[in-house]
Amino acid sequence: MSGGLPRPLPDDPAQPPQDPSPAPPPPYCVAGDPLSNSCVRAVCDQLPNLNCMDPKKVRDIACQCQGVAGDCVTAVCNQLNRFDCDEKRELYLVVNMCRGVSDASCINTVCSSLGRFDCDDFNDMKKVTDLCRR
């Protein structure tokens, strides 16, 4: 060896590569979208009051509601049993069903044509919102 630095050891294949940069902070949604605001109101109308009194919880709901119309959430919850739309996890399922549904009147029309028992659970409403999505 002619006075040079020793060569680094090869990476250990058993060790995952280390990323020197820290992970970015989690993204937060932008408040103020009227569509999302109507969704937040619709979700909060279904939840017990305490769930919408904490700003962090409301921000989490707003992030779920990004781009979702509140009248769709209300229309779906009106078709379901009231106990199927009273917890955050259930309402997030409804919000996801409503993503891309621009007109809640479609939900009401389809469900009135099908009948009450064809629109009374999550599987039924998933099919209905899929029909109403444009």
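Over which residues does pLDDT stay under 50? The stretch is residues 15–26. There the model has 0 contacts beyond four places in sequence. Two terms need their scales: pLDDT is the predictor's confidence in each residue, from 0 to 100, and a contact means heavy atoms within 4.5 Å. Where pLDDT is low, the predicted coordinates should not be read in detail.

This is a predicted model, in which local features need pLDDT of at least 70 and side-chain atom pairs count only at pLDDT 80 or more, while totals for chains, interfaces and linings use all residues. Residues are numbered from 1 along each chain as its sequence is written, and side-chain values use heavy atoms, with hydrogens and water left out. The mean pLDDT of the protein is 81. Of its residues, 74% reach 70 or more.

Now the overall layout. The protein has 6 helices and 0 strands. From the N terminus on, its elements run α-α-α-α-α-α. Helices (H or I, at least four residues) and strands (E, at least two) are DSSP runs, numbered from the N terminus. Of the contacts with a separation of 6 or more, 72% are between residues 24 or more positions apart. Buried residues make up 29% of the 134 residues. Buried means under 20% relative accessible area, exposed over 50%, and partly exposed in between (1.4 Å probe, protein chains only).

Start in helix H1, residues 34–46, where Val-43 is found. Val-43 is buried, with a relative accessible area of 0%. Leaving aside neighbours within four places in sequence, Val-43 is in contact with Ile-61, Cys-65, Val-73, Leu-91 and Val-95. The C-alpha atoms of Val-43 and Val-94 are separated by 9.3 Å. Along the chain, those two residues are 51 apart.

Next, the helix pairs. Two packed helices are described by the angle between their axes and the distance between the axes. Axes here are lines fitted to C-alpha atoms, for helices over the stretch in contact, and angles run from 0 to 180 degrees between N-to-C directions. Helix H2 covers residues 55–64, and helix H4 covers residues 88–98. Their axes come within 10 Å and cross at roughly 25°. That makes H2 roughly parallel to H4. Angles under 35 degrees count as roughly parallel, over 145 as roughly antiparallel, 65 to 115 as roughly perpendicular and the rest as oblique. On the H2 side, the residues are Lys-57, Asp-60, Ile-61 and Gln-64. They meet Lys-88, Tyr-92 and Val-95 in H4. By class, this contact of H2 with H4 has 3 nonpolar, 1 polar and 3 charged residues. Ala, Val, Leu, Ile, Met, Phe, Trp, Tyr, Cys and Pro count as nonpolar, Asp, Glu, Lys and Arg as charged, and the others, Gly among them, as polar.

How many of the 10 residues of helix H3 are buried? The count is 7, so H3 (residues 70–79) is largely enclosed by the rest of the structure. The buried residues are Gly-70, Cys-72, Val-73, Ala-75, Val-76, Cys-77 and Gln-79. The axes of H3 and H5 come within 8 Å and cross at roughly 20°. H3 is therefore roughly parallel to H5. Asp-71, Cys-72, Ala-75, Val-76 and Gln-79 of H3 make the contact with Ala-104, Ile-107, Asn-108 and Cys-111 of H5. By class, the contact of H3 with H5 has 6 nonpolar, 2 polar and 1 charged residues.

Just before H5 (104–114), Asp-103 is found in the loop between H4 and H5. At 29% relative accessibility, Asp-103 counts as partly exposed. The C-alpha atoms of Asp-103 and Thr-129 are separated by 10.0 Å, with the two positions 26 residues apart along the chain counted as their separation.

Last, the disulfides. A disulfide is a pair of cysteine sulfur atoms within 2.5 Å. The count comes to 6. With the bonded cysteines numbered in sequence order, the pairing is 1-4, 2-3, 5-8, 6-7, 9-12, 10-11. One disulfide joins Cys-44 to Cys-52, S to S 2.0 Å. The torsion about its S-S bond is about -95°, so this disulfide is left-handed. Cys-44 is buried, at 18% relative accessible area. Another joins Cys-77 to Cys-85, S to S 2.0 Å. With -70° about the S-S bond, that link is left-handed. Cys-77 and Cys-85 are buried.
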